[in-house]
Amino acid sequence: MLSTLIREKANEGLKELYDVIFSEKEFQVNPTKPEFTGNYTIVLFSLIKTLKNSPDQLGNALGGYLLEKHPTLFIDYNIIKGFLNLTINNELLIEMLNKHHQDPCFGKAPLNGKKIMVEYSSPNTNKPLHLGHLRNNFLGRSIAKILEASGYEVIKTCIVNDRGIHICKSMIAWIKYANGATPESTGMKGDHFVGEYYVKFNDAYKIEIEQLINEGKDKATAEKEAPIMLEAQQMLVDWEKGVPSVIELWRNMNQWVYQGFEVTYKRIGSDFAKTYYESETYLLGKDIIELGLDKHVFNKKADGSIWIDLTDEGLDEKLVLRKDGTSVYITQDIGLAQRKYEEFKMDKSIYVIGDEQNYHMKVLQLICKKLGLPNADDIHHLSYGMVELPTGKMKSREGTVVDADDLIDEMVSIAREHTENLGKVKDFSPEELVALYDMIGLGALKYFLLRVDPKKKMIFNPEESIDFHGSTGPFIQYTHARIKSVLRKSSIDKDFKEYKTALLDPEKELLLLSEQFETVLLQSAESLDPSTLATYLFQLAQSFNSFYAALSIASAESEEKKQLRLKISSMVATVLCSGMDLLGISVPEKM
RNA sequence: GGUCCCGUAGCUCAGUUGGAUAGAGCGGCAGCCUUCUAAGCUGUAGGCCAUUGGUUCGAAUCCAAUCGGGAUCACCA
């Protein structure tokens with residue numbers, strides 16, 4: 001990594017010249033702004049203070065030192081207003097080019113022996129996945145890939161919320177309105193089928209509430225006393241008791257949902273090493289509560305309910321066990337956190353969960369710490385913002401939820417339309433076409449959701465839909481296909497390794513950018529943020545397209561230039577391909 | 001009310017461990033396909049970085065206050 005290397009060498013120089021060692025924070029190495037000559041810039045201001053030197057004096061001393069001591073690294077420097085601009089020796093870049101232009105492992109780190117768990121997706125089994133779930137799935141999958149490429153062993157897990165009042169609602173509605181219909185009998189995808197009954201429940205519930213209000217009850221009582229809600233609650237009790245007919249229906253309906261989910265997961269590329277089911281884990285954590293009572297982490301109130309007081313931490317009191325001894329959400333989570341650690345002994349546990357649960361996750365970690373669980377400090381909440389519509393939040397009650405399957409179908413169909421209009425893939429077989437449309441449609445969707453900083457909420461405008469031009473997945477895919485097309489027509493001569501002619505700006509820019517892949521990957525991994533990588537890949541593709549427009553590759557001015565540019569193109573294609581793969585996006589050879 | 005997050009071009013977003021004249025894409029306008037894929041490229045217009053103070057050589061970035069938006073604080077999950 002050049003920027004790190006430069007920092008190291010500069011630090012050595014400062015030590016030799018002034019006998020002072022600076023920490024990482026105290027000086028910066030940045031890529032030089034395009035309007036100045038040079039490739040990397042050391043900011044001198046912070047150093048001047050300690051060294052009591054003028055910028056020019058210091059810059060010349062350090063620049064001269066670096067040039068003399070590391071001629072393979074630098075070939076020139078200049079100083080402008082306290083910025084020391086360094087020009088990188090082309091030979092260094094050429095060496096990288098020769099070595100890595102076809103290397104799929106370029107920029108990736110070897111195994112580091114550490115284990116990270118990434119929990120993501122985590123759906124409810126009462127309705128199909130929607131746009132929000134897609135952000136979660138894409139983020140989780142991409143982070144897992146980025147961490148793998150950074151040397152970690154990654155365990156992908158999923159917790160399925162397969163029990164509770166929500167699924168009972170779908171079940172009640174099915175009994176009342178389905179007349180024995182099934183996904184098979186209706187030809188519907190299982191998760192959509194079950195979701196429809198969830199909607200039917202809410203419709204019926206709404207009507208009952210209105211009736212009760214008309215009969216003179218207030219809203220809160222009406223909501224509590226609506227018969228269909230009471231039935232759902234009774235069903236939950238029966239489920240916990242294990243009433244066979246309820247369990248059987250529950251199994252069936254969940255099975256339908258899983259069959260539906262599987263299709264979607266397969267399509268978007270989500271997979272898990274281990275799936276936990278809440279029905280199997282919801283009792284975990286109860287015994288830890290006992291332990292916590294002994295340790296005085298928790299306290300029991302007069303009615304028998306058990307609480308933790310987090311007011312010293314600026315939070316509130318939190319219930320961890322109901323007075324009837326049943327557990328609440330957080331109880332299960334404590335139990336599951338412990339279970340996961342027992343099973344996998346991971347060094348770090350990442351939870352990909354929306355920011356609406358920031359408070360919950362804070363409390364969870366705090367409780368785990370107070371209980372002294374061994375993995376408490378290694379719990380990390382990868383919190384992401386909600387996906388909103390221009391009209392505000394998606395609301396299932398108002399029918400404004402963007403369904404995941406529908407959206408994917410729409411994106412794929414737009415991809416097909418675009419491709420057909422352009423007419424560039426007439427030689428594709430029908431199967432190849434289907435694969436290509438999927439690749440482009442999903443590429444557009446994934447890139448759209450991943451290019452934004454995870455922690456920020458984002459707006460999705462279904463009217464304008466997702467573009468295929470500019471900062472998009474298809475743009476990068478297109479750039480890759482374009483390079484591949486060039487490389488099909490002229491082949492790289494492996495023996496060509498020396499390039500005497502000076503590098504032109506667009507050539508050098510691509511080499512410098514490609515070189516930064518490793519740094520960007522590292523940053524993405526450290527900040528658990530695929531958007532950094534997504535932005536970088538766009539920038540690289542954009543630079544390549546400018547290069548492509550400005551310079552001829554196949555009919556370059558000399559064989560040397562032709563070979564150089566072919567290799568640069570190959571280098572860029574390699575980085576685009578592995579970078580996009582880390583976002584969970586495939587790139588085509590042709591499009 | 002307590003806690004936390006956000007506010008950058010008409011729109012969607014980068015840039016936030018403090019660094020040079022704040023950048024992209026979309027949309028607008030003007031151009032570029034008889035040679036490697038125009039899903040592309042080039043140029044141009046568009047900004048009080050919510051507001052006001054502070055910290056310093058230097059602030060979109062750090063601190064404080066204010067205004068605006070959101071999340072959360074359930075014996076729900």
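Me: Which residues of α1 are buried?

Reply: This is a predicted model. In helix α1, the buried positions are Leu-2, Ser-3, Ile-6, Arg-7, Lys-9, Ala-10, Asn-11, Gly-13 and Leu-14.

Me: How many residues does helix α1 have, and what does α1 reach from its first C-alpha to its last?

Reply: Helix α1 covers residues 2-18, which is 17 residues. From first to last C-alpha α1 reaches 24 Å, close to the 24 Å expected at 1.5 Å a residue. Just after α1 comes Asp-19, with a positive phi of about 60°.

Me: What should helix α8 span at 1.5 Å a residue, and how far apart are its end C-alpha atoms?

Reply: Helix α8 runs over residues 190-214, and its 25 residues should span 36 Å at that rise. The end C-alpha atoms lie 37 Å apart, which agrees with the expectation. Following α8 is Gly-216, whose phi is also given as positive, near 105°.

Me: How should the packing of two helices be read, and what are the values for α18 and α22?

Reply: The general idea is that two packed helices are described by the angle between their axes and the distance between the axes. Here, the axes of α18 (residues 473-489) and α22 (residues 559-582) come within 9 Å and cross at roughly 145°. The crossing of α18 past α22 is left-handed.

Me: Which residues make the contact between α18 and α22?

Reply: From α18 the contributors are Gly-473, Ile-476, Gln-477, Thr-479, His-480, Ile-483, Lys-484, Val-486 and Leu-487. From α22 they are Leu-566, Ser-569, Ser-570, Val-572, Ala-573, Leu-576, Cys-577 and Met-580. By class, this contact has 10 nonpolar, six polar and one charged residues.

Me: Why is Ser-485 classed as partly exposed?

Reply: The class follows from the relative accessible area: partly exposed lies between the buried limit of 20% and the exposed limit of 50%. Ser-485 is partly exposed because its relative accessible area is 24%. This serine is placed in helix α18. Ser-485 and Lys-590 are 105 residues apart in sequence, yet their C-alpha atoms are 7.0 Å apart in space.

Me: What percentage of the residues in chain A is buried, and how many helices and strands are there?

Reply: Of the 591 residues in chain A, 53% are buried. The chain contains 22 helices and 14 strands. Its C-alpha atoms fill a box of roughly 85 × 65 × 45 Å along the principal axes. The accessible surface of chain A is about 28000 Å², with 50% belonging to carbon and sulfur atoms. Among contacts in chain A with a separation of 6 or more, 75% join residues 24 or more positions apart.

Note on methods: Residues are numbered from 1 along each chain as its sequence is written. Chains are lettered from A and ligands numbered from 1 in the order in which they are written. This is a predicted model: local features need pLDDT of at least 70, side-chain atom pairs count only at pLDDT 80 or more; totals for chains, interfaces and linings use all residues. Side-chain values use heavy atoms; hydrogens and water are left out. Axes are lines fitted to C-alpha atoms, for helices over the stretch in contact, and angles run from 0 to 180 degrees between N-to-C directions. Helices (H or I, at least four residues) and strands (E, at least two) are DSSP runs, numbered from the N terminus. A crossing is left-handed if the near helix is turned anticlockwise from the far one by less than a right angle, and right-handed if clockwise. Contact means heavy atoms within 4.5 Å. Ala, Val, Leu, Ile, Met, Phe, Trp, Tyr, Cys and Pro count as nonpolar, Asp, Glu, Lys and Arg as charged, and the others, Gly among them, as polar. Buried means under 20% relative accessible area, exposed over 50%, partly exposed in between (1.4 Å probe, protein chains only). Accessible areas come from the Shrake-Rupley method with a 1.4 Å probe; for residues, only the protein chains shown count as cover. The expected span of a helix is 1.5 Å times one less than its number of residues.
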